[in-house]
Amino acid sequence: MRVVILCSSPYSETGCAVASRLAQVGYAAVGVLTLPSWDRSTLMRKVGQWGLRDSLHYAVAKLAPGKATNRKRLLNPYLEKALRHGDGVFPGLREVSRAYGFPVVTCGDQNSPRAVAQLERWSPDLAIFTGGNILRDEVLKIPRLGILNSHLALLPEIRGMSSPEWSLLCGVPLGITIHFMDSGIDTGPILLRREFAIGDDCDSLTDLRNRMIAEGIELIAEAVTGLDRGMFSAVPQAERETDRQFFVMHERLKAVATSRLKKVQLNSAASRCDG
């Protein structure tokens, strides 16, 4: 199985963790195509998703990591297992590539002629999207099987941005969907769809998202293995009477979602006690 990874930055923790985790289970990438560290569209998306303070913290931690790399340097501590290397963790894709022997190519646009030509040279069976541009059909059709994405919500119920938060606000069970990408927003065929159990010690929406990202990477590894062994097949998303796409959630609504998170935790704890 020839796998390539599409990444938003050479320092993306999620992109590094996907590349490292796949190599750990026997599917080292044949190449990674990444946007530059300071890609404007990626930065704007991170600021919208995380806020300015956390985005700046992430940039400083990744671009000036110092000599030591340890758990405290990770924005998402739940990725430590996937990123663990020797006495520390991988700080970026270059270090992952040296450990597992694959090239990293930087491009300004994942849809550019240069990017398309590079992907065609790698001739992938499968691609994994961990962030970057909205992909056009010319890129989507290159991998033989398609391009996989980990979406932090159950599809088709919750499409778009801030998906864990909207799941809580809309009363939809938290979940993760591994699906093939198409020209729509989170509308492609589904490979894996799993509900996500909240731990009692999950203390914020950021913590919830970090846990779900880590679990999504494990599901990607499971999906790649299953596809290679012929165990999985994708199914089209069910049609819904009301098809809604969600956008970045306002801070006031996030406060409501946080209260729903605590309520879900209490209900989950009560159910365990009753059982």
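**Inside the fold: cores, helix pairs and unusual backbone spots**

Serine 9 counts as buried because its relative accessibility is 8%, below the 20% cut-off for that label. This residue of the predicted model sits in the loop between β1 (3-7) and α1. Once its neighbours within four places in sequence are set aside, serine 9 is in contact with Thr34, Leu35, Pro36, Ser37 and Leu93.

Stepping back to the whole protein, there are 10 helices and 11 strands. The chain has 275 residues, and 50% of them are buried. Contacts that link distant parts of the sequence are well represented: among the contacts with a separation of 6 or more, 70% join residues 24 or more positions apart. As for the outside, the accessible surface comes to about 13500 Å², and carbon and sulfur atoms account for 52% of that area.

Next comes the interior. The largest nonpolar core holds 56 residues, and the ones with the most contacts inside it are Leu22, Ile128, Leu148 and Leu208. Helix α9 (residues 205-228) supplies the largest share of this core, with 12 residues. There is also a second, separate core, made up of 17 residues, including Cys107, Leu119, Leu135 and Ile142. Back in the largest core, Leu148 gives an idea of what a well-connected residue looks like. Leaving out residues up to four places away in sequence, leucine 148 touches Leu126, Ala127, Ile128 and Phe129, then Ile178, His179 and Phe180, and also Leu191, Ala223 and Leu227.

Helix α9 also turns up in two helix pairs. In one of them, its partner is helix α1 (residues 13-24); the two pack at an angle of about 35°, and their axes are 10 Å apart. This crossing of α1 and α9 is right-handed. On the α1 side, the contact is made by Thr14, Ala17, Val18, Arg21 and Leu22, while α9 brings in Ile213, Ile217, Glu218, Ile220, Ala221 and Val224. Sorted by class, the residues in the contact of α1 with α9 are 8 nonpolar, 1 polar and 2 charged. Leu22 thus appears in this contact as well as among the residues with the most contacts in the largest core.

The other pair joins α9 with helix α8 (residues 163-170). Here the axes come within 9 Å and cross at roughly 115°, and the crossing of α8 and α9 is again right-handed. Ser163, Pro164, Glu165 and Leu168 make the contact from α8, and Leu205, Leu208, Arg209 and Met212 make it from α9. By class, that comes to 5 nonpolar, 1 polar and 2 charged residues.

Two of those contact residues, Glu165 and Leu168 of α8, also touch alanine 257, which lies in helix α10 (residues 251-274). Its relative accessible area is 0%, so alanine 257 is buried. Apart from residues up to four places away in sequence, its contacts are Glu165, Leu168, Leu169, Leu205 and Met249. Alanine 257 and tryptophan 166 are 91 residues apart in sequence, yet their C-alpha atoms are 7.5 Å apart in space.

Another buried helix residue is glutamine 118, found in helix α6 (residues 113-122). It counts as buried because its relative accessibility is 13%. Not counting its neighbours within four places in sequence, glutamine 118 is in contact with Leu33 and Val105.

A few spots in the backbone deserve a look too. Most residues other than glycine have a negative phi, and most peptide bonds are trans. The peptide bond from leucine 155 to proline 156 is cis, with omega near 10°. Proline 156 belongs to the loop between β7 (146-151) and β8 (159-160). Further along, serine 162 is not a glycine but has a positive phi of about 50°. Serine 162 is placed in the loop between β8 and α8, and its relative accessible area of 9% is why it counts as buried. Aspartate 186, also a residue other than glycine, has a positive phi as well, near 60°. Its place is the loop between β9 (175-180) and β10 (190-195). With a relative accessible area of 12%, aspartate 186 is therefore buried.

Conventions: Residues numbered from 1 in each chain as written. Predicted model: local features only at pLDDT ≥ 70, side-chain atom pairs only at ≥ 80, totals over all residues. Heavy atoms only, no water. Core = buried A, V, L, I, M, F, W, Y, C linked by side-chain atoms within 4.5 Å. Buried < 20%, exposed > 50% of the residue type's maximum accessible area, 1.4 Å probe, protein only. Helix = DSSP H or I, 4+ residues; strand = E, 2+ residues; numbered from the N terminus. Contact = heavy atoms within 4.5 Å. Axes fitted to C-alpha atoms, helices over the stretch in contact; angles between N-to-C directions. Left-handed = near helix turned anticlockwise from the far one by under 90°. Nonpolar A, V, L, I, M, F, W, Y, C, P; charged D, E, K, R; others polar. Areas by Shrake-Rupley, 256 points an atom, 1.4 Å probe, with all protein chains shown as cover.
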